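Student: Could we go through this structure by question and answer, with the cut-offs behind each term stated as we go?

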Amino acid sequence: MSHQTVSTNLPPDSLNSGKDETHSTRLIRDRSVPTWAAILSSLFTFGTAVCTLALVVFALFLHQLVAVENIEIYAPILGLSALVPVLGIVLFELGHARSLAGYHDLRRRSGPIGGVIAAVLTAGGLAMLHPLLLLPPLVGGALGWVISRPLARMLPRERAWNALPEEAASVLSGRDQRGLSLLMQRTRRAPTVDALSLGVMGAVFIASFALASWLCLRDVLVSAAIAPTALISAGISRALFIYWRATSTVDPEYAERAAHVQMLPPRRDITDQPDSGLWVDRLSVQTDRGQYLLHDLSFQLPEGSITALIGDSFSGKSLLMRALSAPLDMTDLQVEGNVRLNGLSPWMRSASPHSAAIIHLPATPLILPDSSSANLLHPTDQMAQRAEYLLKSLLHNADTTRRILQCRNAQHLSHSEQKILAFVRAFSLRPALYLLDRPEDGLSEVLRNTLLTRLKDEARRGASILLVTEDRAMLEACDYLISLQSGRLVEMAAADEMRARASSGWQRFVATRELESEDALDSWINAQFRRDGDGANRRAVCMVANEMLTLACRSDDPAATDTVCFEIKLFAGRCQLRMQQPQPLSSGALQRAEIQATNDDALTDAPLARVLRDSLAVENTHHDGQHWMEVSIEIYDPRKVDRPPQPAARSQKNVDATS
Ligand SMILES: Nc1ncnc2c1ncn2[C@@H]1O[C@H](COP(=O)(O)OP(=O)(O)OP(=O)(O)O)[C@@H](O)[C@H]1O
């Protein structure tokens, strides 16, 4: 996938000002495994298998010509000639490892295919000698399948190290790095599998030997063929066994991946999808049990904007960043949505060079156990100059800059040095979108300020920045705020507007104008009443809010928008809940609702009447140029009452009416 080149207006202090960007920005390519590599791997192992077979054939001729027929000269001739397949084995094995260096998993999975092909061809040769000779290797192969598939799944796996709880306590106290890596290691296969496979191979060898001896007795085989036949049979069952074993475990390439990632088609009703900035539409992340971790998120980040994700702990902030940058890595989760960055899908991976679209910087920096230069992606002279400049501008210290750049193992740098190194690498890639998870973590105030200045420069260049932060200065620099709660988007608005509202005590919630928004509305209201004993307050306000939502959904006013907007503010003894309206409620509608509120029979289908019944007052108000239906609801302070008030008789009436 080729990516659209991002806006590259450089900040005035950039070293590359006025120069061609393409020479100073490193392109990236997503990791990929070429299809030819699997074929090449199989060919190499096929070559090794043929050379091994040739050795067995040499052994057969040596036995027959030298030991049985007493032709002495063949001993050195055949002995020396057999060095050719020996050399072949070495060359094929070396060639396999060298030409596919770095593809260890692929060699392990595709290599055995070459062995199986050689085994099938050899089995054909055995069958031509006598069909019975096929029996031991085939039975061995079948047993190998049973051992490495169903049996291996049932047997307990061996751990790299069986730590006692006391030992684990010592390791997790930070006293034993080697112990920690052993604890982290994935479990290995069951040792019983290896023992059984060796036993099966031994059995195949001896069964073939016995069969070939019997065939020799019947003059079907010469005596010199007995041992080679047994060796070949054992080799065939070994090749099959290796293949079963290699394919019985999940390919690491597909392990720990998302269960399902689906790019949804654009909505038909949206025609003005922007071709710049980030566009997120109906993004959801679900567990395999159907629990939503992110629910139907839709928002836009304009090009060159800084936006902060705010919300309680576990509200899904970090998860959203991961879903935007690497949905495939969300182990066992189901991800779907339509995500576009500058008009293209950042979810598509491509092995062809392209400019970096998204860079995600988690709170713990990603640093390789290699030199700083390697961590800066082995920069060209021009890029190295820019990296040095960026480091200096962040650190304001030439000595520290030099020390970081000359470091041979960047994992030995301090946490903040590693963090700055990761930032410099990101800045030199010039992505269209930065996802920054707690960028301030571990940085001194001076570093946080210089980092913020740099981020503002990146935004001026045209990059969009989405960050999770608790740093006041960073929050104040934001153009927009996105508020998340329990994986749902509560609101996205201009930062100034949200700050002003928050300081006035009002909290806002925006959702689509449909009854399905009820769960999100309830969880927003629940979040306003967190004190122990607040349950009755939650129920009372949720009941009224849900009726208001029903009222909004029933409205056939052509001026009504696709969204509903609620605001809430808590006072002593009451809470004010208001909903934005296209028009004020007419006095006629209010009067009818008041009459209905006193008549139980009419309550089932009269949301406004139920709102009136369950609240202290309902009135039309006007704020920020908008009409609001504002409701006053009685609440209590759980710290001051021993026993929360029972649901009012009116609420009971409501339940009775609806049941
Ligand atoms: N792979 C996963 N499988 C199941 N649940 C997950 C997975 N990843 C994250 N979660 C859950 O999703 C929720 C949101 O996690 P996330 O890390 O996004 O929280 P956060 O908003 O960043 O919180 P904090 O501010 O505490 O870091 C958490 O309850 C977490 O347990």
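**Strand 8 and its surroundings**

Tutor: From strand 8, Ser464, Leu466 and Val468 point one way while Ile465 and Leu467 point the other way, and all are buried. Buried here means that 20 or more other C-beta atoms lie within 10 Å of the residue's own, the C-beta atoms being placed from the backbone, with exposed meaning 12 or fewer and partly exposed in between. Strands (E, at least two residues) and helices (H or I, at least four) are DSSP runs numbered from the N terminus. This is a predicted model, in which local features need pLDDT of at least 70 and side-chain atom pairs count only at pLDDT 80 or more, whereas totals for chains, interfaces and linings use all residues. Residues are numbered from 1 along each chain as its sequence is written.

Student: Which residue in strand 8 is the bridge partner of Leu433?

Tutor: Strand 7 and strand 8 run parallel and are joined by five bridges, and two strands count as paired if DSSP finds at least two bridges between them. Strand 4 (residues 306-311) also pairs with strand 8 in the parallel sense, over three bridges, and there Thr307 stands opposite Leu466. For Leu433, the bridge partner in strand 8 is Ser464.

Student: Why is helix 14 largely enclosed by the rest of the structure?

Tutor: Helix 14 (residues 415-429) reaches 21 Å from its first C-alpha to its last, close to the 21 Å expected at 1.5 Å a residue, where the expected span is 1.5 Å times one less than the number of residues. Its buried residues pack against several elements, among them strand 7 (433-437) and helix 15 (445-461). The helix is largely enclosed because, of its 15 residues, the number buried is twelve.

Student: Which helix gives the most residues to the largest nonpolar core?

Tutor: A nonpolar core is a set of buried Ala, Val, Leu, Ile, Met, Phe, Trp, Tyr and Cys residues joined through C-beta atoms within 7 Å, and the largest has 104 residues, with Leu433 and Val544 having the most contacts inside it. With ten residues, the helix that gives the most to this core is helix 19 (residues 535-554).

Student: How far apart do the C-alpha centres of domain 2 and domain 3 lie?

Tutor: The protein chain is divided into domain 1 (21-28 + 258-481), domain 2 (35-155 + 190-248) and domain 3 (505-658), with bounds that come from an automatic or database domain assignment. Between the C-alpha centres of domain 2 and domain 3, the distance is 78 Å.

Conventions
Contact = placed C-beta atoms within 7 Å.
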